[in-house]
Amino acid sequence: MELAMIGLGKMGLNMATRLARGGHRVIGYARTAATIEEAVKLGAEGAHSLEEVVSKLNAPRIVWVMVPAGQVTYDTIEKLSNLLSNGDIVIDGGNSNFKDSVRHAAMLEPKGIDFVDCGTSGGIWGLTEGYSLMIGGKPEVVEKMRPVFETLAPASDKGWGHVGPHGAGHFVKMVHNGIEYGMMQAFAEGYSILKAKKEFELDLAQVSHIWQHGSVVRSWLLDLAVRALDEDAKLTDIKPWVADSGEGRWTVFESIDLDVAAPVITLALQMRFLSRDEENFTARMLAALRNQFGGHAIKKAE
């Protein structure tokens, strides 16, 4: 098949490469010429505008959008809506809010342009390991795209599937990322407890290697922890600042709207916020209050 990949960040570039290696014709477009040149070296064809992208594709055209969620995604899809024709397909493989995906589908429908929302997981490892694809949209449209999904997935019959109507793909990916927040937080807290037990002088990398075989907690996340600890056992080169891309917040919002308790995911999200507070006024106020009512000692800021 042939398709365009709009947005050649690390994941988009890797996906375009995997598709090209799988025998698909891929037109790559990004804002910078250097990124387009890199995609060409890896097997894609280059385009320097959305207009050129559309002109290079044969109808019915397939355009995969892999840009940051929010306004950038909306602007890209809106512009494509004026360039594409009846029967063409737009796939949003980024981390869009599922509610936005429902709106994007509604925007394209009057023009006869089909929309697919594809929650995509795999990170930088997807190029070699394959991607997990959670797909929303019309079943017949998803079926047309089967060769593309089979190429991107870990296997033709594993790691991908049509999960529901428009928005369902990004909804499932949102919850997936919420679960990921909780799992990562649990690992981080566990390792912190191990490290704090000074008298045992535990080798965290060694413990991690033991856990990799036969343990209930063995997983890909554990394997990644092993890699990180093997490279730097004390993680001294990493600043304790953790970002969030949005899905964790949206998962918590949905848990509230749906009256579903999600304390682990919610607290994991809150801990990410805490990591960014270099001033940590909350902790300062707690220390001040303890001093006021109990005379407890305060450590003075340097």
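**Exercise 1. A charged residue in strand S3**

Is Glu-45 buried, exposed or partly exposed, and at what relative accessibility?

*Solution.* The structure is a predicted model. Step one: take the value for Glu-45, which is 31% relative accessibility. Step two: apply the cut-offs, with buried under 20% and exposed over 50%. Glu-45 therefore counts as partly exposed.

**Exercise 2. The partners of Arg-25**

Find the salt bridges of Arg-25 with Glu-2 and Glu-45, and say what they connect.

*Solution.* Start with the general idea. Side chains of opposite charge can pair when their charged atoms come close.

Step one: pair Arg-25 with Glu-2. Their closest N and O atoms are 2.8 Å apart. Arg-25 sits in strand S2 (residues 25-29) and Glu-2 in strand S1 (residues 2-6), so this bridge ties together parts that are 23 residues apart in sequence.

Step two: pair Arg-25 with Glu-45. Here too a salt bridge forms, with the closest N and O atoms 2.8 Å apart. Glu-45 belongs to strand S3 (residues 45-47), and the pair links distant parts of the chain, 20 residues apart.

Step three: join the pairs. Glu-2, Arg-25 and Glu-45 make up a network of salt bridges.

Step four: check exposure. Arg-25 is partly exposed, at 27% relative accessibility. Glu-2 has a relative accessible area of 18%, so Glu-2 is buried.

**Exercise 3. A bridge between two helices**

Locate the salt bridge of Lys-99 and Glu-254, and classify both residues by exposure.

*Solution.* Step one: read the distance. The side chains of Lys-99 and Glu-254 meet at 3.7 Å, N to O. The cut-off for a salt bridge is within 4 Å.

Step two: place the residues. Lys-99 is in helix H5 (residues 98-108) and Glu-254 in helix H12 (residues 247-257), so the bridge ties together parts that are 155 residues apart in sequence.

Step three: classify. Lys-99 has a relative accessible area of 40% and is partly exposed. Glu-254 has 10% and is buried.

Step four: set the pair in context. The structure holds 15 salt bridges.

**Exercise 4. How H9 meets H11**

Describe the crossing of helices H9 and H11 by distance, angle and hand.

*Solution.* Step one: identify the helices. H9 spans residues 168-196 and H11 spans residues 220-231. Step two: read the geometry. Their axes come within 11 Å and cross at roughly 45 degrees. That angle makes H9 oblique to H11. Step three: assign the hand. H9 passes H11 in a right-handed crossing.

**Exercise 5. Backbone details**

Describe the peptide bond between Ala-59 and Pro-60, then the phi values of Glu-201 and Asn-280.

*Solution.* Step one: take the peptide bond. Ala-59 and Pro-60 are joined by a cis peptide bond, with omega about -5 degrees. Pro-60 lies in the loop between helix H3 (50-56) and strand S4 (62-65).

Step two: take Glu-201. Its phi is positive, near 50 degrees, and the residue is not a glycine. Glu-201 is in the loop between H9 and helix H10 (204-211). With a relative accessible area of 70%, Glu-201 is exposed.

Step three: take Asn-280. Phi is positive again, about 45 degrees, in a residue that is not a glycine. Asn-280 falls in the loop between helix H13 (263-275) and H14. At 22% relative accessibility, Asn-280 counts as partly exposed.

**Exercise 6. A nonpolar patch**

Which residues make the nonpolar surface patch, and what is its area?

*Solution.* Step one: list the members. They are Phe-281, Met-285, Leu-289 and Phe-293. Step two: give the area, about 450 Å². Step three: place one of them. Met-285 is in helix H14 (residues 281-294). Met-285 has 37% relative accessibility, so it counts as partly exposed.

**Exercise 7. From one residue to the whole**

Place Leu-50, then give the overall content and extent of the protein.

*Solution.* Step one: place Leu-50 in helix H3. Leu-50 is buried, with a relative accessible area of 7%. Its C-alpha atom is 9.2 Å from that of Ala-30, 20 residues apart along the chain.

Step two: count the elements. The protein has 14 helices and eight strands. Step three: give the extent. The C-alpha atoms fill a box of roughly 75 × 40 × 35 Å along the principal axes. Step four: add burial. Of the 302 residues, 42% count as buried.

Key
Residues are numbered from 1 along each chain as its sequence is written. This is a predicted model: local features need pLDDT of at least 70, side-chain atom pairs count only at pLDDT 80 or more; totals for chains, interfaces and linings use all residues. Side-chain values use heavy atoms; hydrogens and water are left out. Patches are made of residues with over 30% relative accessible area and no salt bridge: like charges are joined within 9 Å, nonpolar side chains (Val, Leu, Ile, Met, Phe, Trp, Tyr) within 5 Å. Accessible areas come from the Shrake-Rupley method with a 1.4 Å probe; for residues, only the protein chains shown count as cover. Helices (H or I, at least four residues) and strands (E, at least two) are DSSP runs, numbered from the N terminus. Buried means under 20% relative accessible area, exposed over 50%, partly exposed in between (1.4 Å probe, protein chains only). Axes are lines fitted to C-alpha atoms, for helices over the stretch in contact, and angles run from 0 to 180 degrees between N-to-C directions. Angles under 35 degrees count as roughly parallel, over 145 as roughly antiparallel, 65 to 115 as roughly perpendicular and the rest as oblique. A crossing is left-handed if the near helix is turned anticlockwise from the far one by less than a right angle, and right-handed if clockwise.
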